[in-house]
Amino acid sequence: MEAAAKGAVVLGNLAEVVERVLGFLPTKALLRAACVCRLWRECARRILRARQRVAWVSALEPGPADSHALVRALARELEKVHVLPQTVLYIADAETFSGHEECHEQKKVTPMGSSSNQPQEIEEGEAGFALLFPKIDGVKIHTFHFSKDLKNRVFDESKFAEAGLKNNPDLRVVLLFGYNSWKSGATRFLHQIVNPLNEKSIILAGGQVESFTSLTSENNNAQPGDACGVVGLAFSGPQIQSATVLLDQDVADERTAEAAMQRLKAANIPERNTIGFMFACVGRGYRHYKTKRNMEADAFRKFFPNVPLFGFFGHGEIGCDRIVTGNFVLRECNDIKDDLLHGYTTVMTLIHLGSTKANQV
């Protein structure tokens, strides 16, 4: 009996040692190590469950024409990532990433990098980012894709329920991206999606992108070049807090840009485990600010130095001034007739995904 008791203690300590050692491994190496034995597999599962912080890969260096900078960065950096992604949002400049010869003046993305680096508005050259969302306790992320039905002018709102956008009391934030906005009927279709959602006490933010690619879309026969539609992410969970501010055409210098960030700061969104998004019009950037570059990203960093920022320059913006924290909602768009679709503006968004445990990697 005494020997058996000692053996149990040794095994318990062994599991602790194994888990501590394996905890230093990035996810791909950890998954390989999990194949060694049952003990290592159980340790690996516990480690992965504890890794609940969003990770990202960004790239802005030019490279050979046969591959995009983001593709090369993903191939390199995914070996080092410490999360197991369940949802991935990746955005890159349309001209080089999609390979489309036809381009409608899509500017570059703003891959803002880590919170320790200065966010950069990349308006020229190759750039892109991938946000990697792991499974997070208390948070559900639904992806959705609504393509315009050429035979039916009325959108079937029952599709909202399938996407977690209807009959969902925990819905807090919806990021929307319209594609092929220059197609006939695209704006009307986007209104059919946005207007019902605007009735809810949630954050809506996003913009118009050049095109999209989905590895999980159920409608793979509808190619972006042949149709228009909306893709997005729906964030649900009582612990989620979020806020948006709209920078309109009157925001045209450092003082007014910082005043907008002060409004966002006043929302008191916790900054730990929070990500920021910047959805800007192609007409803004350094031309709007009279050749001064990085104005809005720098203003964001001044007030949120520890929050990573991501986004893009597009052909239209979605959002307004709004705060959603727990049971408290402050909104300026109180009427369904208020238009959340804008041009020549920037929408800044904060999304807080809840508190994280101290031992998470």
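Two strands are taken to pair if DSSP finds at least two bridges between them, and the legends below use the term in this sense for a predicted model.

**View 1. Strand β9 with its partners β13 and β16 in the predicted model.** Strand β9, which spans residues 241-247, is mostly covered, since 6 of its 7 residues are buried. Strand β13 (residues 322-325) runs antiparallel to β9 and is joined to it by 4 bridges, and within this pairing T244 has R322 of β13 as its bridge partner. Strand β16 (residues 346-352) also pairs with β9 in the antiparallel sense, here over 7 bridges, and L247 stands opposite T346 of β16.

**View 2. The open sheet of β1, β4 and β2.** The 3 strands of this open sheet follow the order β1-β4-β2, and their pairing is antiparallel. Because β1 (55-59) and β2 (85-92) stand at the edges and each has a single partner strand, one side of each is left without a neighbour in the sheet. From one strand to the next, the twist averages 10 degrees. The antiparallel strands β2 and β4 (residues 128-134) are joined by 7 bridges, and in this pairing I91 has F129 of β4 as its bridge partner. Strands of a sheet pair through backbone hydrogen bonds, in either a parallel or an antiparallel manner.

**View 3. Helix α4 across the strands β1, β2 and β4.** Helix α4 lies across β1, β2 and β4, and runs at about 135 degrees to β1. The helix comprises residues 69-77, of which A69, L70 and A73 are the buried ones. These buried residues cover an arc of only 90 degrees around the axis, which puts them on the same side of α4.

**View 4. The second largest cavity and the residues that line it.** The structure holds 2 cavities of 30 Å³ or more, and about 40 Å³ of space lies in the second largest of them. The lining of this second largest cavity is made up of G178, Y179, S181, A186, L190, Q208, G229 and V230. The elements that give two or more residues to this lining are the strands β6 (171-179) and β8 (229-236), together with the helix α7 (186-198). Empty space of this kind is shown by rolling a probe the size of a water molecule over the atoms.

Conventions. Residues are numbered from 1 along each chain as its sequence is written. This is a predicted model: local features need pLDDT of at least 70, side-chain atom pairs count only at pLDDT 80 or more; totals for chains, interfaces and linings use all residues. Side-chain values use heavy atoms; hydrogens and water are left out. Buried means under 20% relative accessible area, exposed over 50%, partly exposed in between (1.4 Å probe, protein chains only). The arc is that of the directions from the helix axis to the C-beta atoms. Axes are lines fitted to C-alpha atoms, for helices over the stretch in contact, and angles run from 0 to 180 degrees between N-to-C directions. Contact means heavy atoms within 4.5 Å. On a 1 Å grid over the protein atoms alone, a cavity is a set of points where a 1.4 Å probe fits but cannot get out, and a pocket is an open set with protein on both sides within 12 Å along at least five of seven lines; lining residues have an atom within 4 Å of a point. Grid points are joined across faces, edges and corners, and a volume is the space filled by probe spheres set on the points.
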